[in-house]
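I opened this model to note how the chain is built and what holds its parts together. My entries follow in the order I looked things up.

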Amino acid sequence: MRFPQGSGYNRDVPEYPKVPPRLRWIFANNPVFFVTCCTYRRRKLLASNPVHTAFLSFATHAYSQHNIAVGCYVIMPDHLHLFVCGPDDFALGRWVAMLKQHLGKQIQGERSTSPIWQRGFFDHLLRNDESYAQKWKYVRENPVRAGLVNNADEWPYSGEIVTIDRA
């Protein structure tokens, strides 16, 4: 392509990095993600001992084998919330897909073969100045707000697997 001389087009434009440098300062290495996954048509499939055990197994393996830390979590009947932090090469989408597949195998043994999960998931990258503790305080009250228990400590499908130091 030819550009007329004096047109203001600069052929020597430097190549920019794929990630703006400012984002490396805003989002530290190993950021913490807040993730929510919902069941298909919000069916109540998740809040059970077998699913909870499968979740704990998956998260424990992820940490011991891949350095992926699941912090606080709440498994509700039709969705789950969790905080997760991985290494620099952590691929959140791939990891969530594997989590859904793992839990789906547990549920599949109990239910029909209809879809288990909504497509995709919601994620929010916690900024350095955001309070992990404040978000957790709100999320852990979900079973109380849903009328499932009177006190969040009574809900058997929540906890913390690895302490993520953001509080």
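**Entry 1: elements.** I count helices and strands as DSSP runs, at least four residues for a helix and at least two for a strand, numbered from the N terminus. The model is predicted. On that count I find five helices and five strands in the protein chain. I read their order from the N terminus as α-β-α-β-β-α-β-α-α-β. The protein chain has 167 residues, and 37% of them count as buried. I also looked at contacts in the protein chain with a separation of 6 or more. Residues 24 or more positions apart account for 73% of those contacts.

**Entry 2: the sheet.** I asked in what order the five strands of the sheet stand. The order is β4-β1-β3-β2-β5. The sheet is open, and its pairing is antiparallel. β4, residues 122-125, and β5, residues 158-160, stand at the edges. Each has a single partner strand, so one side of each is left without a neighbour in the sheet. I checked the twist as well. Neighbouring strands are turned by 15° against each other on average, direction ignored.

I then followed one edge inward. β1, residues 32-38, pairs with β4 over four bridges, in the antiparallel sense. For a landmark on this pair I took V35, which stands opposite D123 in β4.

**Entry 3: helices on the sheet.** I looked up which strands α2 lies across. Helix α2 spans residues 49-66 and lies across β2 (69-75), β3 (79-85) and β5. Its direction is at about 165° to β2. Next I took α4, residues 132-139. Helix α4 lies across β1, β2, β3, β4 and β5. It runs at about 25° to β2.

**Entry 4: N142.** I stopped at α5, residues 142-145, because N142 is found in this helix and is buried, at 13% relative accessible area. What does N142 touch, leaving out residues up to four places away in sequence? I found M76, H79 and H81.

**Entry 5: salt bridges.** How many salt bridges are there? I count two.

The one I took up first joins D78 and R42, with the closest N and O atoms 3.1 Å apart. D78 lies in the loop between β2 and β3, and R42 in the loop between β1 and α2, so the pair ties together parts that are 36 residues apart in sequence. I checked the exposure of both partners. D78 has a relative accessible area of 12%, so it is buried. R42 is at 37% relative accessibility, so it counts as partly exposed.

The other salt bridge joins D153 and R140. Their closest N and O atoms are 2.4 Å apart. D153 sits in the loop between α5 and β5, and R140 in the loop between α4 and α5. The two are 13 residues apart, and the pair links distant parts of the chain. D153 has a relative accessible area of 58%, so I list it as exposed. R140, at 25% relative accessibility, counts as partly exposed.

**Entry 6: positive phi.** I looked for positive phi in residues other than glycine and noted R41 and N67. Phi of R41 is near 55°. R41 lies in the loop between β1 and α2. R41 is exposed, at 64% relative accessible area. Phi of N67 is near 60°. N67 is found in the loop between α2 and β2. At 48% relative accessibility, N67 counts as partly exposed, because exposed starts over 50%.

**Entry 7: a pocket.** I turned to the second largest pocket. About 240 Å³ of space lies in it. Which residues line the second largest pocket? I listed F58, H61, A62, H66, I68, P87, D89, F90, A91, R94, W95 and M98. The elements that give two or more residues to this lining are α2 and α3, residues 92-108. The largest share, four residues, comes from α2. That is the helix I had already noted lying across β2, β3 and β5.

Conventions:
Residues numbered from 1 in each chain as written. Predicted model: local features only at pLDDT ≥ 70, side-chain atom pairs only at ≥ 80, totals over all residues. Heavy atoms only, no water. Pairing = 2+ DSSP bridges. Axes fitted to C-alpha atoms, helices over the stretch in contact; angles between N-to-C directions. Contact = heavy atoms within 4.5 Å. Buried < 20%, exposed > 50% of the residue type's maximum accessible area, 1.4 Å probe, protein only. Salt bridge = Lys/Arg side-chain N within 4 Å of Asp/Glu carboxyl O. 1 Å grid on protein atoms, 1.4 Å probe; cavity = no way out; pocket = protein on both sides within 12 Å on 5 of 7 lines; lining within 4 Å. Points joined across faces, edges and corners; volume = space filled by probe spheres on them.
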